[in-house]
Amino acid sequence: MTLIKLLVVIAIIAILAGVLVPVFARAREKARRTNCLSSVKQLVLAALAYAREYEETLPRHYHDVNGSGSADADDTTWRSVVLP
């Protein structure tokens with residue numbers, strides 16, 4: 001009788017785990033999306049703050065390292081600076 005009760009409890013726990021795993025996976029994915037959206041919002045706010053400081057000019061798409069005035073091979077792009 002005790003063995004049957006133990007097997008029933010294990011079966012109930014397995015069923016509950018099978019139901020809850022997809023719920024937790026969806027919650028994790030939603031948290032990742034929220035984090036990504038927050039990061040994009042911070043980038044936009046930073047670009048707008050930059051524009052307010054520099055006569056309504058948005059940041060350039062590259063950082064002119066050698067002062068040539070154009071994007072050279074040595075220059076750093078925003079993508080390389082922003083991405084980890």
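Colleague: Let's start with Ile15. Which helix does Ile15 lie in?

Modeller: Ile15 sits in helix α1. Keep in mind that this is a predicted model, and every value here is computed from it.

Colleague: What makes Ile15 count as exposed?

Modeller: Its relative accessibility is 57%, and the cut-off for exposed is over 50%. Ile15 therefore counts as exposed.

Colleague: And which residues make the nonpolar surface patch?

Modeller: Ile15 is one of them. The others are Ile4, Val8, Ile12, Leu16, Val19, Leu20, Val23 and Phe24, and the patch comes to about 850 Å². For the whole protein chain, the exposed area is about 7,600 Å², with carbon and sulfur atoms supplying 67% of it.

Colleague: How do you know how far α1 reaches against what is expected?

Modeller: Take the C-alpha of its first residue and the C-alpha of its last: α1 reaches 75 Å between them. With 52 residues at 1.5 Å a residue, 76 Å is expected. The expected span counts one less than the number of residues, and the value in the model is close to it.

Colleague: Where does α1 bend, and by how much?

Modeller: At Leu20, by about 25°. A proline, Pro22, follows within four residues. Leu20 also belongs to the nonpolar patch.

Colleague: Moving on to charges. Why is the pair Arg32 and Glu29 called a salt bridge?

Modeller: The closest N and O atoms of Arg32 and Glu29 are 3.4 Å apart. The limit is 4 Å between a side-chain nitrogen of Lys or Arg and a carboxyl oxygen of Asp or Glu, so the pair qualifies. The two are 3 residues apart in helix α1, which means about one helical turn separates them.

Colleague: What about Arg33 and Glu29?

Modeller: Their side chains also meet in a salt bridge, at 3.5 Å from N to O. That falls within 4 Å, so this pair passes too. Arg33 and Glu29 are 4 residues apart in α1, again about one helical turn. In general, an α-helix has 3.6 residues a turn, so residues three or four places apart point the same way.

Colleague: How many salt bridges does the count come to?

Modeller: By this rule, 2. Sharing partners, they join Glu29, Arg32 and Arg33 into one network.

Colleague: Are Arg33 and Glu29 exposed or partly exposed?

Modeller: Arg33 has a relative accessible area of 60%, over the 50% cut-off, so it is exposed. Glu29 is at 32%, between 20% and 50%, and therefore partly exposed.

Colleague: Now Ala51. What makes Ala51 buried?

Modeller: Ala51, also in helix α1, has a relative accessible area of 5%. Buried means under 20%, so Ala51 fits. Leaving aside residues up to four places away in sequence, Ala51 touches Glu56, Thr57 and Leu58. Buried residues make up 4% of the 84 residues in the protein chain.

Colleague: What is the phi of Glu55, just after α1?

Modeller: Glu55 takes a positive phi of about 50°, and this is a residue other than glycine. As a rule, most residues other than glycine have a negative phi. Glu55 lies in the loop between α1 (2-53) and β1 (62-63). At 74% relative accessible area, Glu55 is over the 50% cut-off and therefore exposed.

Colleague: Last one: what pattern does the protein chain follow along the sequence?

Modeller: The pattern reads α-β-β-α, from 2 helices and 2 strands. Of the contacts between residues at least 6 apart in sequence, 3% join residues at least 24 apart.

Methods:
Residues are numbered from 1 along each chain as its sequence is written. This is a predicted model: local features need pLDDT of at least 70, side-chain atom pairs count only at pLDDT 80 or more; totals for chains, interfaces and linings use all residues. Side-chain values use heavy atoms; hydrogens and water are left out. Buried means under 20% relative accessible area, exposed over 50%, partly exposed in between (1.4 Å probe, protein chains only). The bend at a residue is the angle between axes fitted to the seven residues ending there and the seven starting there. Patches are made of residues with over 30% relative accessible area and no salt bridge: like charges are joined within 9 Å, nonpolar side chains (Val, Leu, Ile, Met, Phe, Trp, Tyr) within 5 Å. Accessible areas come from the Shrake-Rupley method with a 1.4 Å probe; for residues, only the protein chains shown count as cover. Contact means heavy atoms within 4.5 Å.
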